[in-house]
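Q: Please take a close look at the largest nonpolar core. Which residues have the most contacts inside it, and what is found around them?

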Amino acid sequence: MGTRARPALPVAVADPDNSAYFPGWTLDVSDYATGMPSRIEGIGRPRVEPGFRPDLVDLVIPVPDAASVAAARHLRAVTGLAVGGSSGTALWAALELVERMRARGETGTVVSLVGDAADRHLATCHDDAWAAAKGLDAGQFADELRRRVALRPGGG
């Protein structure tokens, strides 16, 4: 099969609570396992999967599940799309990356994907009762999220 060329652009991975990718990547342990499932549907794994290619990843950004929920709700408020928690995870990580770049005086473009939008998410991350049952307080991240999305190039 051969080896793949490294992407020309840096690659960051957003990783929710309880997922094995951030600790596995940080510790360079290819079979790291947390033994706990992710509360964010579709992403995060209790163990690093064999297909994960850490050599293609420049950074893994851990994202608290409650921050994922807050960001998914923000995306819905702005776009009207009932996105899932995984899209919230991606948005939070992208905003974290932008903040890190700003702190270092770097400029550039950060691209993130909104991977899903479906009414079924209204019964999960957009539902206060669901979030409370999961122990997720999205409100604790609301001010931070508002501050991060209010930042504009060239100033605050």
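A: The answer begins with how far the model can be trusted, then goes through the core, some single residues and the pockets.

The model is predicted. The chain averages a pLDDT of 90, and 92% of its residues score at least 70. Confidence is highest in strand β2 (residues 59–63), with a mean of 96, and lowest in helix α5 (residues 142–150), with a mean of 88. Where pLDDT is low, predicted coordinates should not be read in detail.

The largest nonpolar core has 23 residues. Val63, Val69, Trp92, Trp130, Leu136 and Phe141 are those with the most contacts inside this core. Strand β2 and the helices α2 (65–79), α3 (85–103) and α4 (128–133) each supply at least two of its residues. Helix α2 gives the most, with seven residues. In soluble globular proteins, nonpolar side chains tend to be buried together.

Val63 is a useful place to start. Leaving aside neighbours within four places in sequence, Val63 is in contact with Asp15, Pro16, Asp17, Ser68, Thr89, Trp92 and Ala93. One of these partners, Trp92, is also among the core residues with the most contacts. Another core lies apart from the largest one; it has six residues, including Ala20, Tyr21, Val57 and Val60.

Asp65 is found in helix α2. Is Asp65 buried or exposed? Its relative accessibility is 0%, under the 20% limit, so Asp65 counts as buried. Not counting residues up to four places away in sequence, Asp65 touches Pro16, Asp17, Arg39, Ile40 and Leu136. Pro16 and Asp17 are also in contact with Val63.

The loop between α2 and α3 holds Val83. At 1% relative accessibility, Val83 is also under 20% and therefore counts as buried. Eleven residues separate Val83 from Ala72 along the chain, but their C-alpha atoms are 5.9 Å apart. Besides Ala72, and not counting residues up to four places away in sequence, Val83 touches Leu75, Val114, Asp116, Ala117, His121, Cys125 and His126.

Two elements that supply the core also help to line the largest pocket: β2 and α3 each give at least two residues to that lining, as does β1 (12–16). The pocket has a volume of about 960 Å³. Among the 33 residues that line it, Val11, Ala12, Val13, Ala14 and Val111 are the closest to its centre. Helix α3 gives the most to this lining, with eight residues. By kind, the lining divides into 20 nonpolar, eight polar and five charged residues.

The second largest pocket holds about 300 Å³ of space. It is lined by 15 residues, and the closest to its centre are Ala94, Val98, Gly108, Thr109 and Val110. Its lining divides into eight nonpolar, five polar and two charged residues.

Two loop residues give a contrast to the buried ones. Most residues other than glycine have a negative phi. Asn18, in the loop between β1 and α1 (21–27), has a positive phi of about 70 degrees although it is not a glycine. Asp28, in the loop between α1 and β2, is not a glycine either and has a positive phi of about 55 degrees. Asn18 counts as partly exposed because its relative accessibility is 25%, whereas Asp28 is exposed, with a relative accessible area of 68%.

Conventions
Residues are numbered from 1 along each chain as its sequence is written. This is a predicted model: local features need pLDDT of at least 70, side-chain atom pairs count only at pLDDT 80 or more; totals for chains, interfaces and linings use all residues. Side-chain values use heavy atoms; hydrogens and water are left out. pLDDT is the predictor's confidence in each residue, from 0 to 100. Helices (H or I, at least four residues) and strands (E, at least two) are DSSP runs, numbered from the N terminus. On a 1 Å grid over the protein atoms alone, a cavity is a set of points where a 1.4 Å probe fits but cannot get out, and a pocket is an open set with protein on both sides within 12 Å along at least five of seven lines; lining residues have an atom within 4 Å of a point. Grid points are joined across faces, edges and corners, and a volume is the space filled by probe spheres set on the points. Ala, Val, Leu, Ile, Met, Phe, Trp, Tyr, Cys and Pro count as nonpolar, Asp, Glu, Lys and Arg as charged, and the others, Gly among them, as polar. A nonpolar core is a set of buried Ala, Val, Leu, Ile, Met, Phe, Trp, Tyr and Cys residues joined through side-chain atoms within 4.5 Å. Buried means under 20% relative accessible area, exposed over 50%, partly exposed in between (1.4 Å probe, protein chains only). Contact means heavy atoms within 4.5 Å.
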